[in-house]
Structures are given as C-alpha cells and as structure tokens.
Amino acid sequence: MRSTNEDASSAGNMQMNEPNLKRKRSDSNNCHQCRRNDKGRVVRCTRCNKKGYCITCITKWYAGMHETYFAEACPSCRNICNCTACLQSDVANQELLIPDLCISDKTQYSKYIVRVLLPFLKNFVAEQNMERDHEARIQGLSVAGLRLPKANHSHEYQLKKCGNCKSSVFDIHRSCPNCSYKLCVSCCQEIRNGFVSDCKLTNNGNIICPPQGMGGCGPRILELKSTYPVNWISELLTKAESVADACSCSGYNHGSESDNFHCPIVEGVEIADQKHFQWHLYKGEPVIVPNVLNRTTGLSWEPLVMWRASRKIKSTHDLRILEFSVMNCLNWCEETINIHQFFKGYTEGLWDSEGRTKILKLEDWPRAESFAERLPRHFQEFVKCLPFKHYTHQAGYLNMPAKTPKKSLKPELGPKICFGYGVDEHLGFCSATKLQYALSDMVNILMHTAAQDPVVSSANNEKANERENKNKGKEKIDSSTSAKNEQRFDDQKGGALWDVFRRQDVPKLEEYLRRHYGQFRHIFPLQQLFHPIHEKAFYLTVEHKRNLKAVYGIKPWTFIQKLGDAVIIPAGCPYQVRNLKSCTSVSANFVSAESVGECIRLSTECRRLPHNHSSKEDILQVKTMVLYAVCQAVQYLERIDLNNTLRNPFEHENVQPGERPSLSQMRRELERMKLALETKGHLFQMHMKDYLLKEIALLTDRINSREIRVPSLAEVKRELERMKLILETKGHLIDPHMKAYLLQEILGLLNKVNTSAAESSTSQ
C-alpha cells in the first residue's frame, strides 16, 4: 500500500501535467493547413500519425481529393502540401540536378558543339581582323607587329556595351582613354562606310569620341583595345578547327521541304527522342511534349495557392509583394492591382466601375526576386517536368549560356510565370500575347487552367448596357483579340491557341504587316513602325491568316496547348498566343547550338532599332556565349585526349618489361612529354608547367652529353619518395586526372624497387 505522502505527490504531479496533456490533446486536433482546431472534424493521416487536415481546408485547398486520400497519406507525406510553411520550405538540391552524362556522351556533344559553332567563331574573328588590319595601316605597322593594349576594366567579367548600338562588346573594340565610351567593331565599320553619323573620322581614319550629348566626352581619339589575352582567340580557333577536321560525326540532312503543318509531337525524352527533337530544332519547327506534369508530385498551381506562397517572403518589406502592374488586354494599358484581387479574378472575373469586364494578363512574374527564391517548391516542380533537360535546364550540357564563367553576368532567361484571364463569353474577348519573336529557344509549360465564371450583378449589367448605348462605336477597345474573330474549339482540355510562323516566311510576314498596317485597330497608334514583329503590336485574326495564305502562300502552325503540354519554340520563329481559358504557364529560355545563327540574326536586327526601343537591349550576348562554349568544349576534348594518351614512359613497343630503354628511346620519350606540355600545358599551373619543361630540358641535355649513369636502388627509391611527397602536398596545382596517374605510376615503381631490393638481399 502507498503512503499518504505518495498519494499527495502523485496527485500533485497529475495537476502539474494536466495542462501539458490538454496541450498535447489540443495539438493533435490542429489542422496542419490552417493551424486551427475550431473548424470541425480533422482527417488524420495513417502514414505519419502526426498531421491532419480539417474538412474546410480539404474542400477549399484540395478540391477533387476524397477524405480517404488524406487518411491513407496526407499531402505533407505526398510532398504536395500547399500550406504556407510547406510552400516556403527549403528544397533539396539533388531534386534540381540533371542526369549526368557519361564520358562518351560528353565527348560526342563537345565535338558536336565545336563543329556547329565553328563557322560563327570564324566570322567573329574575321570581323575583328578587319579592324585589326585597319589599325595596323593607321600606325604604319604590319599586322604581326601590332600590339593592342588590354582593356582596363574594374571587373574581368563585367558587361561592356557599345555606346552607339548598345550591343555587348565582344573582344576587340575602340575605347576612349578619357571616358567610358566604347564602340564595337561593327559600329566602327559602319562609321567608316557612312552609315553612322554620331562619330567623326580623322584624315588618317581614326574615330573621334562623340560629344557629351551623345554619350562621349569630346574630341578624343578612340583607341583600339582587346579584352582577352593576345592570340588567345586565334589559338582557340586553330584548336577548334583541328577538332572539327578530326570529327567524324555527320551533319543533319536538310532533306526536302514539306508542306506538312502539323506541329511535331515528341512523346518521350529518351536518347532516340532527343535525336528526334534535335532534328526538329535544327529545322526550326516547334515541338510539343505532352503530359509532362506526370513527372511531378502534383503540387497545386492554383493562383490563390501561388498568392499564399508569394505573400510570405522572408526578410523583405517591399510593397510589390501586395500589388503589381498588369496589362489590360481590352485597351493594352497597364494598371496597378492588388495581388489577391488579381488572383481572385482569375476564376471569378473582375469588373471596373463602369460595369465593364476586365481581361488582365500578368507576364514575367516574379520580378523582384528569382523564381527559385520566391517560390522554391513550385520551382522544383517546374524543373522536374522540363523535357530534354540537357537543352532546357539552366545548367544543361547543350544549353550554351551554361558555358559562360560563373562570375560573368549571365542573361536573364527565366523561368517566369504568366497568368492570363480566359475568354469572357458575354463580351467575346480574351487575353492574348501579340505577335513577337522568340529571341532565343523557349519552352512553355501550361501548368493550370480554369474556366472563368464571372459573377455578374444586376448593377454591373445596367452599367454595361448604359455604357454600350452611350459609347457605341467610340470606345477604344482592341477588337483583334476578340473571340468572335476566331474559330471555336470544343476541346474541353485546351487552354491556349498558338500560331507559330516558320523562319523562312518572316520576310513575307513582315511585308504583309507593313502593307496592311492600317487594317489593324490600334488603341494608341504607333508614331513610327520600325519593325513590325519587334513592336509586339499586331495580333493576326483568322481573316488575316486567310489573306496571308491566299496572297503570300504562307500559313502558321496552329495548335492547341493542353494542360501539361510543353511547347518548345525555336529561336527566330514569330508566334502569338490566345487563351481559351484562364491559364497559368511557366516559360524558360535556352540557347541551343542549332539556333545560334538565328540568335545572331535577331541580335543584329535589335542593334539597328532606335535607342529608346523596348527590344533594343542585347540580352543574350551571343558572341561571348559562342566563344566560351567553344572554349569549354575544346578544353574538355583536350583533357580527355591527354588522359587517353598518358601511359607509362617505359612501356614502349620495343622495350620489354624489366628491360632498360636505350638512350634514343629515352630521348624520343622526353620529346613526346615536352610536346604534350607545350600543346596541352594549359591544364597545369604556369609555374608547374615551367618546372616540368625545365626538368625535361635538363634530362635531354644529359642524354645528349652521355652523362647518364645507372642510379642505385636506394637513390631511385629516395627520388620516387620525394616525387610522391611533392604530389601529396602540392598536387592541387595540377589536373586531378594527371595527379592520380602520376601517383599510380610512382607507387608501381616503388613496388618494383622494393621487390628488386628484396631479391638482391636474398641472393646475397
């Protein structure tokens, strides 16, 4: 029997633990989604036995999912929970990686990159050599004797722009010694040919810095400078040519031009499908990869879920979290709207003060932060469903921007989200993306669709009827995006209607737009039409497309993008999009080797646009991208070739194992090692390369003078141990493959020396 004190003590402990028991019981009834326990019944998860979701949150945030689904495994266990805490949780880095390539695939792709990009690199070098020749004539020197000063920049990889055309400066350029004004070699040639009047020439052909009103500082002569080391690009070109000459892979067969305008569909992403994709990318044809959402966990892309994820941003107090600028597709004017109000109108519709329906579109969001920082879980889902990741992933081996140095200023290629309201059946309008270029290759994935169901009040109806009668024929509304002008589609799964034009049809398309410019209704007429496609001011209706076919014989690929479809548009293909429903799509840009030529053409068009044009900026920096892509591919092939050619110096075809080589054989081997260092010594640190060359020269001299004596086993062992110690302490200065090879050879020789020493001691 327990004593009275024990009973009292137990009673006291029960009183002390009672609040904890109540708290534990209260926590077990909390809903993981809303963190509350006063919303009714909670469905418990039988897998983790920790989390539960109330019926209210299940109905609101997980529509279409039954209670048994939550009982078997909750959304948190399935990694699709869209509560605020889970949406902002850290993402495992391994989920964002792309499958690694084997050495044979990397070697094949590197050779392919060099072979495809070599003609463009030759053109860049030829363009620079013309300016180099002109500078040599000005100074009265030969081209070989010309020495250009290196450009002095505060940062090695900073973006340098031409003061005239605003394009990025490649290597050789002219710079003012007094101010930061620069001229690319293309502008220098145009100035000498009389196409540019901002800069003036001296009698001997020098270019004078423009006045302050044009970005310069006045009468100073622009000096010719180079960004990269002397002869680095020319040596790289020579190596690339040798790689291309030795490459046995055949190019694509152009084949015959067909009149098949059905958009190609690639069902899978295996190696065979990738070659199929490469073929269409080379021909400049759009590709549809269906059902890419099947690779994801199923995280919700509903706008209100996105709103809940984006409103909880760590360490920021920016008002842009609460509101942003959107485009009204009825009058193509920007307006500011609350983020929650915009996302709510995505499905319910929005009306202005006059009872008029709003058709809104939000592009290139998020803007303040990167996609990965602001929406980490959704970014992970997007990366998972990317097709052909070696092309489309930002770190893909066949994505050219991934070849630029890590410290360099990389182009902003996304991903970005686009929200667009769907068709309003009463008014007949929809959100649309007007005709524009894909400046680089682009992948667009339709992540969510919703049929807009606007709640129209009687007051809004009266205002709309009154406004329609009063302003009939006077209201400024762009009717080109009206659904009445388009054909009807009964496909319930369809989300967006795409029109993509072929690259070869661009001249005729531009001619049609310039000739029939007056037939398009513009809310704010353009003061001057500089470029009909870069203006992003036209939407071609069915009637326009019919006229294009009848008069010019061209027609676009027209197809419907369904939920979960990934649409890949090659660079240089004009496209336009019309939403059949309210759509949420995510797009990312990439640059393939197959499309570099089109990217160069488009950048040339952009540099000729006026300075204040929205498409004037050189976003891609194509020339720099091509240079680093070729450089990285050549370096990889040289490293692989060096690893394959390395062998034991004493394993000669005329030397048997254990036999001492002759002096002539040793001399040839030293010459081979010297040649390897001179041609592939960039893999070493400079002082290590110089040291090895010095040692080889010393051994060669001793061989030539016959001052070679046979060392003792003790001397050989001491020398091998010294070399081993150097590699272990300072091996980080050389290539890891070279270090591993040398260590293996030294250990093998040490074993042989120890064995020989043991045998000699036994015989004695």
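# Reading the sheets, rings and neighbours of a predicted model

Me: I've got the structure open. Which order do the strands of the eight-stranded sheet follow?

Reply: This is a predicted model, so keep that in mind throughout. The open sheet of eight strands reads β6-β15-β12-β17-β10-β9-β7-β8, and its pairing is antiparallel.

Me: Which strands stand at the edges of that sheet?

Reply: Look for a strand with a single partner. Here those are β6 (287-289) and β8 (333-338), so one side of each has no neighbour in the sheet. As for the twist, neighbouring strands are turned by 25 degrees against each other on average, direction ignored.

Me: Can we zoom in on one pair of strands? How many bridges are there between β9 and β10?

Reply: Three bridges: β9 (residues 360-365) and β10 (residues 416-420) pair in the antiparallel sense. To find your place there, pick leucine 362, which stands opposite phenylalanine 419 in β10.

Me: And which strands does helix α10 lie across?

Reply: Helix α10 (residues 339-348) lies across β7 (323-328), β8, β9, β10, β12 (441-450) and β17 (582-590). Its direction makes about 105 degrees with β8.

Me: Let me pick a residue on that helix. Is glutamine 341 buried, partly exposed or exposed?

Reply: You judge that by relative accessibility: under 20% is buried, over 50% is exposed, and in between is partly exposed. Glutamine 341, which sits in helix α10, has 40%, so it counts as partly exposed.

Me: What does glutamine 341 touch, leaving out residues up to four places away in sequence?

Reply: Leu350 and Tyr421. You can also compare sequence with space: glutamine 341 and glutamate 323 are 18 residues apart along the chain, and their C-alpha atoms are 9.1 Å apart.

Me: Tyr421 has a ring. Which residues form an aromatic cluster with Tyr421?

Reply: Phe342, Phe343, Trp365 and Phe419 join Tyr421 in one cluster. You've met Phe419 already, as the residue opposite leucine 362.

Me: How many aromatic pairs are there in the whole structure?

Reply: A search finds 18 of them. One is phenylalanine 277 with phenylalanine 388: the centres are 4.3 Å apart and the planes make 5 degrees, which is a stacked pair.

Me: Why does that pair tie together separate parts of the sequence?

Reply: Check where each ring comes from. Phenylalanine 277 belongs to helix α8 (residues 271-283), while phenylalanine 388 is in the loop between α12 (376-384) and α13 (389-392), so the pair links parts 111 residues apart in sequence. Both phenylalanines are buried.

Me: What about tyrosine 512 and tyrosine 552: what sort of pair do they make?

Reply: Look at the angle between the planes; over 60 degrees counts as edge-to-face. These two have their planes at 90 degrees and their centres 6.0 Å apart, so the pair is edge-to-face. Tyrosine 512 is in helix α15 (residues 506-515) and tyrosine 552 in helix α16 (residues 542-552), so parts 40 residues apart in sequence are tied together.

Me: Are those two tyrosines buried or exposed?

Reply: Tyrosine 512 is buried, at 1% relative accessible area. Tyrosine 552 has 11%, so it counts as buried too.

Me: Where do charged ends sit over rings?

Reply: Try arginine 78: its charged end is over the ring of tyrosine 69, 3.7 Å from the centre. Then find lysine 403, whose charged end sits over the ring of tyrosine 397, 3.6 Å from the centre.

Me: Which helix holds histidine 390, and what does histidine 390 touch?

Reply: Histidine 390 is in helix α13. Not counting residues up to four places away in sequence, its contacts include Ile98, Gln274 and Tyr397. With 13% relative accessible area, histidine 390 is buried.

Me: What is the strand order in the three-stranded sheet?

Reply: That open sheet goes β4-β3-β5 and has antiparallel pairing. β4 (182-184) and β5 (223-225) are its edges, each with a single partner, so one side of each lacks a neighbour in the sheet. The twist from one strand to the next averages 30 degrees. Three bridges join β3 (residues 173-175) to β4, and arginine 174 stands opposite leucine 183.

Me: Stepping back, how many helices and strands does the chain have?

Reply: There are 22 helices and 17 strands. Of the chain's 764 residues, 48% count as buried.

Methods. Residues are numbered from 1 along each chain as its sequence is written. This is a predicted model: local features need pLDDT of at least 70, side-chain atom pairs count only at pLDDT 80 or more; totals for chains, interfaces and linings use all residues. Side-chain values use heavy atoms; hydrogens and water are left out. Helices (H or I, at least four residues) and strands (E, at least two) are DSSP runs, numbered from the N terminus. Buried means under 20% relative accessible area, exposed over 50%, partly exposed in between (1.4 Å probe, protein chains only). Two strands pair if DSSP finds at least two bridges between them. Axes are lines fitted to C-alpha atoms, for helices over the stretch in contact, and angles run from 0 to 180 degrees between N-to-C directions. Contact means heavy atoms within 4.5 Å. Rings of Phe, Tyr and Trp (its six-membered ring) pair if their centres lie within 6.5 Å; planes under 30 degrees apart count as stacked, over 60 as edge-to-face and the rest as tilted. A charge sits over a ring if NZ of Lys or CZ of Arg is within 6 Å of the ring centre and within 35 degrees of the ring normal.
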